[in-house]
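Student: Hey, can we go through this one together? I'd like to start with the charged pairs.
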Amino acid sequence: EQTDQVSCKHERPSRKNIPEPRNSGQPEDEDASTEMGEGLDEWAAAKTLIKPPDQLELTEAELKEEFTRILTANNPHAPQNIVRYSFKERTYKPISYVDQMAIHFSLNGNMILKDSDEGRCQNARLSTEADSKIISEEAAGEEEAEETGTAEAAEAAEAEELPPPRPKERKLANQFNFIERASKTLNNPLRDRACQSEPTPCKNFSATANQWEIYDAYVEELQKMEKSKEKEKPRAHIAKKEEKRRGRKSTSLESQSDDITKVSKAAKIMERMVNQNTFDDIAQDFKYFEDASDEYRDQQGTLLPLWKFQYDKTKRLAVTAISWNPKYKDLFAVGYGSYDFMKQSQGMLLLYTMKNPSFPEYIFSSESGIMCLDIHNDHPHLVAVGFYDGNVAIYNLKKPSSQPSHKSSAKSGKHMDPVWQVSVLFLSSNLLLFMWNLLCLQNELVHTDVIKLSVEGTTMQGPEGLQLQTFGCGTSFDFHKKIDYLFLVGTEEGKIYKCSKCYSSQFLDVFEAHHMAVDAVSWNPYHMKVFISCSSDWTVKIWDHTIKTPMFIYDLNSAVGDVAWSPYSSTVFAAVTTDGKAHVFDLSVNKYEAICTQVVVAKKKNKITHIQFNPVYPVVIIGDDRGHVTCLKLSPNLRRMPKEKKGQEVKKGPEVEIAKLDKLLNLVREPAGQAGR
Amino acid sequence: MADTGEGKKEEADYKRLHSFPLIRHTDMPEEMRVEAMELCVTACEKYATNNESAAKMIKEMMDKKFGSSWHVVIGEGFGFEITHEVKNLLYMFFGGSLAVCVWKCS
């Protein structure tokens with residue numbers, strides 16, 4: 001290879017000596033500089049001339065001979081004697097100017113103006129072509145270099161092949177249209193911001209671990225485990241035993257371990273709160289509403305309906321008894337049964353409170369319809385109930401069971417017919433009048449006969465020459481508030497008997513009161529001598545028990561279901577009739593007419609069966625034969641106190657009430673007495 | 001001789017009885033605690049003779065599971081006073097003679 005290269009270089013200058021138009025433009029220094037280190041001898045060798053083969057062989061003398069030759073601009077071949085006919089002079093005249101130019105070679109140029117459109121176009125095309133060519137040539141060059149294996153050769157090749165650097169083309173700007181413009185945008189000012197995260201909370205902890213500590217810890221743990229095991233064992237035993245016991249109990253008692261019972265109290269409170277919310281307006285009426293129109297009405301008053309109490313299971317049953325609880329003034333008991341004696345079904349005893357009108361507080365159901373009920377005065381949790389089948393029972397509200405705590409049975413002195421009224425003392429309808437004493441301490445019902453009137457006894461002459469009917473039914477009774485032994489019995493045939501506990505076989509007195517069954521009798525709460533009675537013969541009568549004729553008689557145009565004295569005034573009483581009306585009377589205001597007569601049931605066919613005054617609040621409750629109980633508020637006119645006279649003290653208390661009623665009665669007594677005479 | 005025999009027996013008993021992991025102090029949440037404890041037990045059982053490897057294994061696993069910068073000390077007797085991130089400390093005994101302290105502090 002080395003020799004090859006060298007020979008190649010030897011040849012090169014010789015080639016260059018040949019006059020070649022292509023190589024003439026290249027600077028000779030390049031070659032010289034690259035080949036400086038080659039030695040001078042080579043130059044000498046390169047001077048040998050190469051002669052063309054057809055050169056004339058000339059001698060030295062011939063070669064040195066000088067030829068002088070003058071070059072002129074005259075064309076030697078041009079003719080000197082050219083003549084041309086002149087028509088002006090009518091002769092041939094020689095032409096002085098002869099064309100001396102001789103054309104030896106002509107070539108049409110293919111150059112284009114640089115600035116012309118065509119030139120620009122071509123320029124652009126050439127430049128792109130040249131670029132691609134350069135790239136391909138470079139690649140080729142590199143390949144060549146690799147082939148030769150020397151960097152120098154590659155460089156030389158590149159130098160030869162690279163075209164001279166083309167001046168970069170400049171875009172021409174229109175000198176008339178060109179404006180240079182500059183603008184500067186506003187840089188946003190920089191801001192610094194920093195925040196710091198809270199370090200994770202750390203704590204220190206230190207301890208020492210060594211063998212005895214580890215040992216102690218393990219021993220302690222083991223002891224604990226053993227202890228807990230020991231504890232668990234007896235517990236398990238006890239639990240098992242208890243379960244057994246409970247199992248025995250539950251088989252007999254039916255365990256009611258519903259989870260709901262645990263929250264029953266909370267649930268009850270919630271229920272009351274919800275009700276208080278939903279019935280808020282009614283509660284407000286109950287407490288604060290006073291009918292303002294009463295002032296303009298002179299004497300008349302109204303009843304404002306408040307809550308309505310109803311329970312799904314008692315829809316078909318009639319309210320047969322109502323009683324306020326003497327201790328809890330918002331609580332009342334309602335007995336359900338049926339007055340249609342052909343269609344008797346089961347009975348219900350419900351206890352409602354005004355605080356929760358949507359659902360009863362206590363629910364007791366019984367097989368037989370309830371006919372009457374009473375709540376014990378001293379023990380307000382005991383409710384006595386008389387059934388249609390003649391039994392009496394006592395329910396204890398403190399016990400959760402739905403069964404009565406006491407119940408009379410056939411052998412312990414059952415009545416033969418519906419129990420018409422039950423009190424702390426009880427009464428049956430076949431005029432075998434029993435007195436049921438409730439002895440709480442002995443936990444049993446004891447009945448003592450107050451009066452025995454057998455069927456035979458009714459036919460015999462009474463001591464006062466009284467002819468008793470062959471068959472009489474007691475329907476209601478009331479004990480005197482003060483005189484312990486005295487009590488009244490209303491009967492089905494319309495008579496009222498004044499009786500005493502002391503004489504079990506005789507009456508003290510008989511009133512020929514009504515033509516039909518006496519539905520209710522009631523002593524006046526203030527005046528000792530006065531009682532009221534009502535009957536299905538449409539009348540309400542007020543009596544003095546010492547006088548055999550009634551003091552007042554009111555005809556209400558419909559069978560009277562119940563009558564009740566008000567607890568706040570001796571002269572006010574209310575009566576309900578089967579046509580759905582409630583009548584409130586105040587004798588001190590109007591002796592002849594009711595001061596309020598109002599339809600108080602939703603439908604006209606509903607018959608009102610019972611009415612009761614609340615002992616404290618100015619409200620009454622009314623029960624009808626569809627099982628509804630309605631609470632009504634008495635308007636101010638219905639509970640008006642005597643008007644204050646100037647300078648006089650208004651007296652209050654039972655004496656005043658007695659005097660008030662006495663005054664009224666005195667008006668009636670005189671003519672009544674005269675009539676009696 | 002009888003004494004020593006009994007002693008051996010007692011020791012065996014002790015080993016058998018005290019093989020369970022006993023957490024001495026921790027403020028980890030329940031889930032993390034259970035996992036860390038199980039990890040410690042596994043590591044100590046795997047490298048019963050080499051506490052260093054056990055500690056390394058625990059540390060690496062804890063780093064993977066609960067984020068970096070965990071520290072583990074295993075030994076039969078040592079005292080320490082450390083600063084740890086709250087809810088990231090477990091100090092437990094294992095196998096009747098080993099104390100393991102695992103905590104996180106970055």
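Tutor: Sure, definition up front: a salt bridge is a side-chain nitrogen of Lys or Arg within 4 Å of a carboxyl oxygen of Asp or Glu. This is a predicted model, where local features need pLDDT of at least 70 and side-chain atom pairs count only at pLDDT 80 or more, while totals for chains, interfaces and linings use all residues. Side-chain values use heavy atoms, without hydrogens and water, residues are numbered from 1 along each chain as its sequence is written, and chains are lettered from A and ligands numbered from 1 in the order in which they are written.

Student: OK, how many salt bridges are there over all chains?
Tutor: The search of the whole structure gives nine. One of them joins Lys268(A) and Glu361(A), at 3.4 Å from N to O.

Student: Which parts does that pair tie together?
Tutor: Lys268(A) lies in helix H8 (residues 264-278) of chain A and Glu361(A) in the loop between strands E7 (347-353) and E8 (362-366), so the pair links parts 93 residues apart in sequence. Helices (H or I, at least four residues) and strands (E, at least two) are DSSP runs, numbered from the N terminus.

Student: Is Glu361(A) buried or exposed?
Tutor: Glu361(A) is buried, at 15% relative accessibility. Buried means under 20% relative accessible area, exposed over 50%, and partly exposed in between (1.4 Å probe, protein chains only). Lys268(A) is partly exposed at 34%.

Student: Got another pair?
Tutor: Try Lys495(A) and Glu512(A), whose closest N and O atoms are 3.8 Å apart. Lys495(A) is in strand E19 (residues 495-500) of chain A and Glu512(A) in strand E20 (residues 507-512) of chain A, so this bridge ties together parts 17 residues apart in sequence. Lys495(A) is buried at 8%, whereas Glu512(A) is exposed at 59%.

Student: Switching topic: what do E5(A) and E6(A) form?
Tutor: A hairpin, with six residues between the two strands. E5(A) runs antiparallel to E6 (residues 331-337) of chain A, and six bridges join them; two strands pair if DSSP finds at least two bridges between them. Ser323(A), for instance, has Ala333(A) as its bridge partner in E6(A).

Student: Why is E5(A) called largely enclosed?
Tutor: Because seven of its seven residues are buried.

Student: And chain B, how many helices and strands?
Tutor: Chain B has three helices and five strands. Along the sequence they follow α-β-α-α-β-β-β-β. Of its 106 residues, 41% are buried.
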